[in-house]
Amino acid sequence: PIYNEYKSYLRMAVHFAVYNDDGASAWCVGAVLATLRQLSPNFHVTTLTSGQITPELLSRYTCVIFPGGRDVPYQRKLSGRKNTWIREFVEGGGRYLGLCAGGYYACSEIEFLTGNKSMEIKEKRELGFF
């Protein structure tokens with residue numbers, strides 16, 4: 001049954017936006033774009049920068065994907081109204097997929113490499129999905 005659901009999903013027109021701005025790993029962005037484009041011809045995939053994020057633009061997508069990289073630059077670029085718009089997009093039925101740093105970014109608080117003074121991150125995050 002799960003395989004049949006997966007097959008029907010591949011036939012749907014799905015619009016993905018992959019975040020590609022400061023902090024996003026170029027390798028991860030490329031891998032996500034290539035993977036989605038190979039999965040189905042019905043998957044429409046584009047990139048999105050922080051400067052492009054508006055409620056109107058987000059409403060065109062089924063899912064926004066925040067790839068791996070570094071979440072601290074995500075926080076710098078998106079804090080304030082852009083995070084509010086992303087949260088409202090999800091609350092309104094849009095999907096958020098966070099991979100690695102994108103997953104950390106969706107948390108309400110991060111503890112990363114605690115005890116390692118040069119790399120430690122112990123901070124709250126505004127998006128706060130969980």
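Tutor: In this predicted model, a residue is called buried when its relative accessible area is under 20%, and exposed when that area is over 50%. We start with helix H5.

Student: Which residues of helix H5 are buried?

Tutor: Helix H5 runs over residues 81–91. The test for burial is a relative accessible area under 20%. In H5 the buried residues are Lys82, Asn83, Trp85, Ile86 and Phe89.

Student: How wide is the arc that these buried residues cover around the axis of H5?

Tutor: The residues concerned are Lys82, Asn83, Trp85, Ile86 and Phe89. They sit on the same side of H5, because the arc they cover around the axis is only 160°.

Student: Which exposed residues are carried by the face of H5 turned away from its buried side?

Tutor: One of them belongs to helix H5 and has 55% relative accessibility, so Arg81 counts as exposed. That value passes the cut-off, since exposed means over 50%. The face turned away from the buried side carries Arg81 and Glu91.

Student: Which elements are included in what covers the buried residues of H5?

Tutor: Two strands take part, E3 (63–66) and E4 (95–98). Helices are also part of the cover. Put together, the cover includes E3, E4, H3 (55–58), H4 and H6.

Student: What phi does Gly93 take, just after H5?

Tutor: Gly93 comes just after the end of H5. Its phi is positive, at about 115°.

Student: Is Tyr105 buried or exposed?

Tutor: Tyr105 is found in helix H6. Its relative accessible area is 0%. Burial needs a value under 20%, so Tyr105 is buried.

Student: Which side chain is joined to that of Tyr105 by a polar contact of 2.6 Å?

Tutor: Leaving out residues up to four places away in sequence, Tyr105 touches Asp71, Tyr74, Gln75, Leu78, Asn83, Tyr96, Arg125 and Leu127. One of these is a buried residue of H5. The 2.6 Å polar contact joins the side chain of Tyr105 to that of Asn83.

Student: What is the relative accessible area of Arg125?

Tutor: Arg125 lies in the segment after strand E6 (121–124). Among the residues that Arg125 touches are Tyr104, Tyr105, Cys107 and Ser108. Arg125 is buried, with a relative accessible area of 5%.

Student: Which side chain makes a polar contact of 2.5 Å with that of Arg125?

Tutor: The side chain of Arg125 makes a polar contact of 2.8 Å with the side chain of Glu123. The 2.5 Å contact joins Arg125 to another acidic residue, Asp71.

Student: How many residues line the largest pocket?

Tutor: Asp71 appears here again: it lies nearest the centre of the largest pocket together with Gly69, Arg70, Phe112 and Ile121. By class, the lining has nine nonpolar, two polar and three charged residues. The full number of lining residues is 14.

Student: Which element gives the largest share of that lining?

Tutor: The elements that give two or more residues are H4 (71–78), H6 (101–105) and E5 (109–112). The largest share is four residues, and the element they come from is H4.

Student: What volume does the largest pocket have?

Tutor: The pocket in question has Gly69, Arg70, Asp71, Phe112 and Ile121 nearest its centre. Its volume is about 270 Å³.

Notes
Residues are numbered from 1 along each chain as its sequence is written. This is a predicted model: local features need pLDDT of at least 70, side-chain atom pairs count only at pLDDT 80 or more; totals for chains, interfaces and linings use all residues. Side-chain values use heavy atoms; hydrogens and water are left out. On a 1 Å grid over the protein atoms alone, a cavity is a set of points where a 1.4 Å probe fits but cannot get out, and a pocket is an open set with protein on both sides within 12 Å along at least five of seven lines; lining residues have an atom within 4 Å of a point. Grid points are joined across faces, edges and corners, and a volume is the space filled by probe spheres set on the points. Ala, Val, Leu, Ile, Met, Phe, Trp, Tyr, Cys and Pro count as nonpolar, Asp, Glu, Lys and Arg as charged, and the others, Gly among them, as polar. Buried means under 20% relative accessible area, exposed over 50%, partly exposed in between (1.4 Å probe, protein chains only). Contact means heavy atoms within 4.5 Å. A polar contact is a pair of N or O atoms within 3.5 Å; within protein, one must be able to donate a hydrogen and the other to accept it, and residues adjacent in sequence count only if both atoms are side-chain atoms. The arc is that of the directions from the helix axis to the C-beta atoms.
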